[in-house]
Each structure stands twice: as structure tokens, then as C-alpha cells.
Amino acid sequence: AQGFSQRPGIDFKETYSPVASATSIRILMAIAASKDMEVITMDVDSAYLYGELDPETTIYVKQAPGYEVIGANGQPLYYKMKKALYGLKRSGRTWWMQIDAYIKGLGFSSMASDPCLFSKGPDILIGLYVDDIIVAAKDLQGIDNLQRDLQRKYKIKTAKNI
């Protein structure tokens, strides 16, 4: 995607995307331990590719060497990007906005102290660090339900209980 050639204010405006702090993750784990919650980790495969660029953003990329398609004018064609790719300056932010909206759409609320910590009542907590997800829940059924909801939209790898 040649993110090095992107220009601030022209190719992108904002690049900031939050991640859960180490302190927030430790607090989540302490709460889970004190309430005897089940804890599991998940990883979203190729997370940045789920982020969609806003329609106002126009980014064109060259074709990969060896895969060029020549246009009617004899010149190689360019592709207009619709999705974020690794290497774009705003890919992290695009992914964050996507996953944040999806988790909130599942009924979770982000915490004021850390936008990467989510809760749905007292029985299920989520910590988000880029594409890694830590889930703490009172029972495995809550984790299974969340995992199923996430797998409707994302390809997820799940680790064993912690």
C-alpha cells in the first residue's frame, strides 16, 4: 500500500487508535480472578482488512509486479481501495472504529477510563489490544455467545482458557 508515500491532510487525517493499557488488562484480570470468572483470549485474523475506508477517501494503489493488467491506453491499471490494508497510515484507526462499533452494537459499553475495555453488565468483560481480545465472563456460555457473535463478522482464533 506504500503508506510511506501518503501525505497528512491529503491521504489521511487521523491515525490515532487506542489500545488497552497494561494497567487496564491487569485490572481486568484482577476482577476476573476475584469474581472467579472464566477467561479466554481470541485473535482476529487479518484484522486491518475488515476496516473499510470512508467513501470520501480516495486511495489508488499500483498493481503488484507480475500481476499487471494493461488498460486500453497501454498503461498499467491502478486499483481504488475500499478496504484498509496493512501499511496504510490509517489502517489501525479504521480497524479500531470498525471493531468498536461492532462490539457496541452487541450491547457492550466502553468504559470511561479506557475505551478498549467493554462491559455488558457485571458478568462479561472485554479487553481489546489491536486484534487481540481478552474475554472474562461468569460462565462459558457467555463466552460462547460472544465468540459466536464475533465469528459472524470476523475470522477468530480462540486460545484455551487462561
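These are my notes on the fold, the nonpolar cores and one glycine of this chain.

Entry 1, overall fold. I am working from a predicted model. I counted three helices and eight strands in the protein chain. Going along the sequence, I read the order as α-β-β-β-α-β-β-β-β-α-β.

Entry 2, burial and surface. I looked up the burial of the protein chain: 40% of its 162 residues count as buried. The protein chain exposes about 9,600 Å², and I noted that carbon and sulfur atoms supply 54% of this area.

Entry 3, contacts. I took the contacts in the protein chain with a separation of 6 or more; residues 24 or more positions apart account for 64% of them.

Entry 4, largest nonpolar core. Which residues touch the most other members of this core? I found Val135 and Leu150, in a set of 35 residues. Helix H1 (22-34), H2 and helix H3 (140-151) each give two or more residues to this core, as do strands S1 (38-44), S5 (114-119), S6 (124-129) and S7 (132-137). I then followed Leu150: leaving out residues up to four places away in sequence, Leu150 touches Met42, Tyr102, Leu106, Ile133 and Ile156.

Entry 5, another core. Apart from the largest core I found another, of five residues, including Leu53, Val61, Met81 and Leu88.

Entry 6, Gly92. I located Gly92 in helix H2, which covers residues 91-105. Is Gly92 buried or exposed? Its relative accessible area is 11%, under the 20% limit, so I list Gly92 as buried. I also checked its distance to Asp131: the two are 39 residues apart in sequence and 9.7 Å apart in space, C-alpha to C-alpha.

Notes
Residues are numbered from 1 along each chain as its sequence is written. This is a predicted model: local features need pLDDT of at least 70, side-chain atom pairs count only at pLDDT 80 or more; totals for chains, interfaces and linings use all residues. Side-chain values use heavy atoms; hydrogens and water are left out. Helices (H or I, at least four residues) and strands (E, at least two) are DSSP runs, numbered from the N terminus. Buried means under 20% relative accessible area, exposed over 50%, partly exposed in between (1.4 Å probe, protein chains only). Contact means heavy atoms within 4.5 Å. Accessible areas come from the Shrake-Rupley method with a 1.4 Å probe; for residues, only the protein chains shown count as cover. A nonpolar core is a set of buried Ala, Val, Leu, Ile, Met, Phe, Trp, Tyr and Cys residues joined through side-chain atoms within 4.5 Å.
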